[in-house]
Amino acid sequence: MPMTPQTLSLSVLRPLLRPRPADGHKGTFGHALVVAGRWGMAGASVLAAKACMRSGVGKCTLHIPRANNDIVQISVPEVIISHDLDQQEFTTPVSLGIYDALAIGPGLGTSAPTIEAVGRQLAMAAARNTNEVPAVVTPCVVDADALNALALQPALFSMLPEDAILTPHPAEYRRMAADEAPQRFAQRLGVYLVLKGHPTHVYTPDGGCYECPWGNSGMGTAGSGDVLTGIIVALLAEGYAPRESALLGVSLHALAGDAAACSLGEHSLMASDIIAHLPEAFKCLGV
């Protein structure tokens with residue numbers, strides 16, 4: 001029997017968001033790795049990285065094909081760049097030893113080499129088939145073309161880290177799960193499922209379901225999901241648990257979208273406007 005969703009509220013969310021220590025530094029607030037953006041899709045990586053930096057992370061490393069180097073260096077000077085061995089697409093998984101969280105998928109494409117690399121990267125995050133010592137599970141956000149890779153190669157589901165956060169829109173979810181109920185999907189795989197839409201729902205591994213009451217039609221625009229991925233991976237890297245990261249991330253994203261729409265109108269809203277209004281979203285939660 002499907003559970004009635006619990007509607008999120010500011011009173012539920014405010015206790016989850018921790019105050020930042022006054023003596024904190026960039027090492028205090030975590031190091032996120034974002035794997036995103038084939039050639040021609042550098043914007044997806046830029047949006048995810050900017051959102052990550054705007055969400056309080058200490059450091060963000062962006063893994064990109066070499067062809068995107070100049071675009072990213074100019075667009076997001078705050079991030080660290082990691083180059084893939086390939087000029088135009090993701091083919092080379094990254095050792096995760098120095099990172100506190102991983103986001104993978106925005107703008108990657110679904111070529112055969114990229115799908116293989118996605119599987120290997122997920123396995124490393126899950127501490128499977130890896131030489132990482134000690135073997136540590138890396139908190140993980142799986143989005144966009146990494147979700148499409150799962151749909152195209154279902155064997156990759158076995159590579160997902162425990163408590164991974166998957167962030168599909170409805171079409172991506174149908175490709176992955178066909179007619180399976182989202183609540184059942186999250187329980188069966190032991191993941192957090194963020195099913196984007198209006199409203200967005202968060203399904204948890206223990207069978208719970210949360211509904212986000214904020215957001216607007218202006219957020220139905222290219223790049224909005226990349227921004228959400230950046231927000232969630234920042235929270236994971238800062239040390240928030242997957243449940244907290246999913247609930248806070250979805251809510252901050254929606255609140256920022258509403259602030260942007262209030263300022264600009266829904267028709268004119270772009271994904272980058274959501275990033276620009278994240279400070280207002282954090283202030284809504286009392287930070």
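**Exercise 1. The residue after helix 6**

Determine where alanine 178 lies in this predicted model, and state what is notable about its phi.

*Solution.*
Step 1. Alanine 178 belongs to the loop that connects helix 6 with helix 7, and it follows helix 6.
Step 2. Its phi is positive, near 55 degrees, in a residue other than glycine.
Step 3. A further residue of this kind is aspartate 163, which is not a glycine and has a positive phi of about 60 degrees. Aspartate 163 is found in the loop between helix 5 and strand 7. With a relative accessibility of 27%, aspartate 163 counts as partly exposed, because partly exposed covers the range between under 20% and over 50%.

**Exercise 2. The buried face of helix 6**

Identify the buried residues of helix 6 (residues 170-177), establish how they are arranged about the helix axis, and list elements that cover them.

*Solution.*
Step 1. The buried residues in helix 6 are Glu172, Tyr173, Met176 and Ala177.
Step 2. Viewed down the axis of helix 6, these buried residues fall within an arc of 105 degrees, and therefore they line one face of the helix.
Step 3. The cover over the buried residues of helix 6 includes two helices and two strands: helix 5 (144-152), helix 7 (182-189), strand 7 (165-166) and strand 8 (192-195).

**Exercise 3. Packing of helix 5 on helix 6**

Classify the mutual orientation of helix 5 and helix 6, and describe their contact by residue and by class.

*Solution.*
Step 1. The two axes come within 8 Å and cross at roughly 25 degrees.
Step 2. Angles under 35 degrees count as roughly parallel, so helix 5 and helix 6 are roughly parallel to each other. The crossing of helix 5 with helix 6 is left-handed.
Step 3. From helix 5, the contact residues are Ala144, Leu147, Asn148, Leu150 and Ala151; they meet Glu172, Arg175 and Met176 of helix 6.
Step 4. Sorted by class, this contact of helix 5 with helix 6 comprises 5 nonpolar, 1 polar and 2 charged residues.
Step 5. Glu172 and Met176 of helix 6 take part in the contact with helix 5, and both are buried.

**Exercise 4. Packing of helix 8 on helix 9**

Carry out the corresponding analysis for helix 8 (residues 224-237) and helix 9 (residues 242-264).

*Solution.*
Step 1. The axes of helix 8 and helix 9 come within 9 Å, with a crossing angle of roughly 140 degrees.
Step 2. Only angles over 145 degrees count as roughly antiparallel; helix 8 and helix 9 are therefore oblique to each other. Their crossing is right-handed.
Step 3. Helix 8 contributes Ser224, Val227, Leu228, Ile231, Ile232, Leu235 and Leu236 to the contact, while helix 9 contributes Pro242, Ser245, Leu248, Gly249, Val250, Leu252 and His253.
Step 4. By class, the contact of helix 8 with helix 9 has 10 nonpolar and 4 polar residues, and no charged ones.

**Exercise 5. Two further loop positions**

Locate proline 199 and alanine 127, and characterise each.

*Solution.*
Step 1. Proline 199 sits in the loop between strand 8 and strand 9 (201-203). The peptide bond leading from histidine 198 to proline 199 is cis, and its omega is near 5 degrees.
Step 2. Alanine 127 is part of the loop between helix 4 (112-125) and strand 6 (140-142). Its relative accessibility of 25% places alanine 127 among the partly exposed residues.
Step 3. From C-alpha to C-alpha, alanine 127 and glycine 30 are 19 Å apart in space, with a sequence separation of 97 residues.

Technical notes:
Residues numbered from 1 in each chain as written. Predicted model: local features only at pLDDT ≥ 70, side-chain atom pairs only at ≥ 80, totals over all residues. Heavy atoms only, no water. Buried < 20%, exposed > 50% of the residue type's maximum accessible area, 1.4 Å probe, protein only. Helix = DSSP H or I, 4+ residues; strand = E, 2+ residues; numbered from the N terminus. Arc of directions from axis to C-beta. Contact = heavy atoms within 4.5 Å. Axes fitted to C-alpha atoms, helices over the stretch in contact; angles between N-to-C directions. Parallel < 35°, antiparallel > 145°, perpendicular 65-115°, else oblique. Left-handed = near helix turned anticlockwise from the far one by under 90°. Nonpolar A, V, L, I, M, F, W, Y, C, P; charged D, E, K, R; others polar.
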